[in-house]
Amino acid sequence: MGACPRRSYAEGFGPFPVRNFQPIQMLVLGMPGDRATVLRQGTVDVRVELADTASIFNELTPQSSAVMKFETLRSGLFLRYGVTDRFEVAMEVPALYRYQGVLNGGITAAERATTGLSGARRDLRSLGYAYMVSPGSRTAFHGGQDQWGLGDISLMSKYQFVRQTETLPAVSLRFAVKAPSGDASRVFGSGHPDAGVGLALEKTFLSRWVTYVNVNGVFPSGTVGGFRPQPIVSAMTAAEYLWSEHVSFTLQFDYYSSAFHGTGLKVLDRGVTEVVLGFNYQLQPHLLWQVYGVENVDFITGGSADFTVSTVLTYRFES
């Protein structure tokens, strides 16, 4: 050991692993929110996530149309391994299920009590399920009800090249690759591999606050729905308050540009801005439970999913 041991900073639980849950944008590689610090060498994290996303769009133009009203249940198995004290690798295997959903009643009541019923929800109130996106005279995306399928598997790595100090945040470089394991004909995958790169920063303030920042670039390949997708930029910033040793609360803001351009439909062309709020609860020394909700905000309109609620369990095996 050195003569001057490194200072130990307050340990947060990290940002929520949110990605763009809009069902069409989700076909492209997503780099979920992540912290800058890496697992210790030999440590394994096993994470199971279940997210339910309500999507509703009713967009009609003389040339195009997009009618969507359904929920997507996304379950994911995420494995993370610390190769060294500065480098970790991870893999995520998702499964998707589209159905009529269970959130519509609660969302309708909340809208009526606050901003008023949205135009799309009012116009489609008699519809139970719909998924048809037709730019121009062709159908680009169409998914059946009560369908289940494997999504696109992601492989990720992270290298921490700066450790946190009194003045500097922890900084890591992230890489990701998406394998086309999902069935593109049923809109469970893009049918092509994607690659991504990003930076993650993390800094503790005033002993109880931990801030996180992610900036990512994703580079899709091939075509999606007949369109050639463009590179995507995403960004995340989060603040976590450590209420106690075992409980914390996190407020998070996410931005995603769109993989599509010039389609004539907002649901495809518009980016997404969302706010995330939730809590972290350490049930046991090696078991973490997280619950969060994702709500779109009006900095950009027309392209985001309506609402997402998610629960996450992570178990850590330490060497």
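How many aromatic pairs does a search of the whole structure find? The search finds 12 aromatic pairs. Keep in mind as you explore that this is a predicted model.

**How confident is the prediction?**

Across the protein chain the pLDDT averages 93, and 97% of the residues score at least 70. Residues 1–6 are a stretch to treat with care, with a pLDDT below 50. Beyond near neighbours in sequence, this stretch has 1 contact in the model. Where pLDDT is low, the predicted coordinates should not be read in detail.

**Aromatic rings**

A pair of aromatic rings is described by the distance of the centres and the angle of the planes. Take Phe-227 and Phe-260: their ring centres are 6.1 Å apart and their planes meet at 80°, making the pair edge-to-face. Both of these residues are buried. Phe-227 sits in the loop between β10 (209–219) and β11 (232–242), while Phe-260 sits in the loop between β12 (247–256) and α3 (266–269), so the pair ties together parts that are 33 residues apart in sequence.

You can also look for an aromatic cluster made up of Trp-209, Tyr-241, Trp-243 and Phe-249.

**The second largest pocket**

Rolling a probe the size of a water molecule over the atoms shows where empty space is left. The second largest pocket holds about 790 Å³ of space. It is lined by 27 residues, and those closest to its centre are Glu-111, Ser-118, Asn-296, Asp-298 and Asp-306. The table sorts the lining by kind of residue.

| Kind of lining residue | Number |
|---|---|
| Nonpolar | 9 residues |
| Polar | 11 residues |
| Charged | 7 residues |

Which elements each supply at least two residues of this lining? They are β1 (44–60), α1 (104–113), α2 (119–123) and β14 (287–296). The largest share, 4 residues, comes from β1.

**A closer look at Leu-127**

Leu-127 is found in the loop between α2 and β4 (130–134). Is Leu-127 buried or partly exposed? Its relative accessibility is 34%, so Leu-127 counts as partly exposed; the range for that label runs from 20% to 50%. Leaving aside neighbours within four places in sequence, Leu-127 is in contact with Val-67 and Lys-69. You can also locate Val-102, which is 25 residues from Leu-127 along the chain: the C-alpha atoms of the two are separated by 14 Å.

Technical notes
Residues numbered from 1 in each chain as written. Predicted model: local features only at pLDDT ≥ 70, side-chain atom pairs only at ≥ 80, totals over all residues. Heavy atoms only, no water. 1 Å grid on protein atoms, 1.4 Å probe; cavity = no way out; pocket = protein on both sides within 12 Å on 5 of 7 lines; lining within 4 Å. Points joined across faces, edges and corners; volume = space filled by probe spheres on them. Nonpolar A, V, L, I, M, F, W, Y, C, P; charged D, E, K, R; others polar. pLDDT = per-residue confidence, 0-100. Contact = heavy atoms within 4.5 Å. Phe/Tyr/Trp six-rings, centres within 6.5 Å; stacked < 30°, edge-to-face > 60°. Buried < 20%, exposed > 50% of the residue type's maximum accessible area, 1.4 Å probe, protein only.
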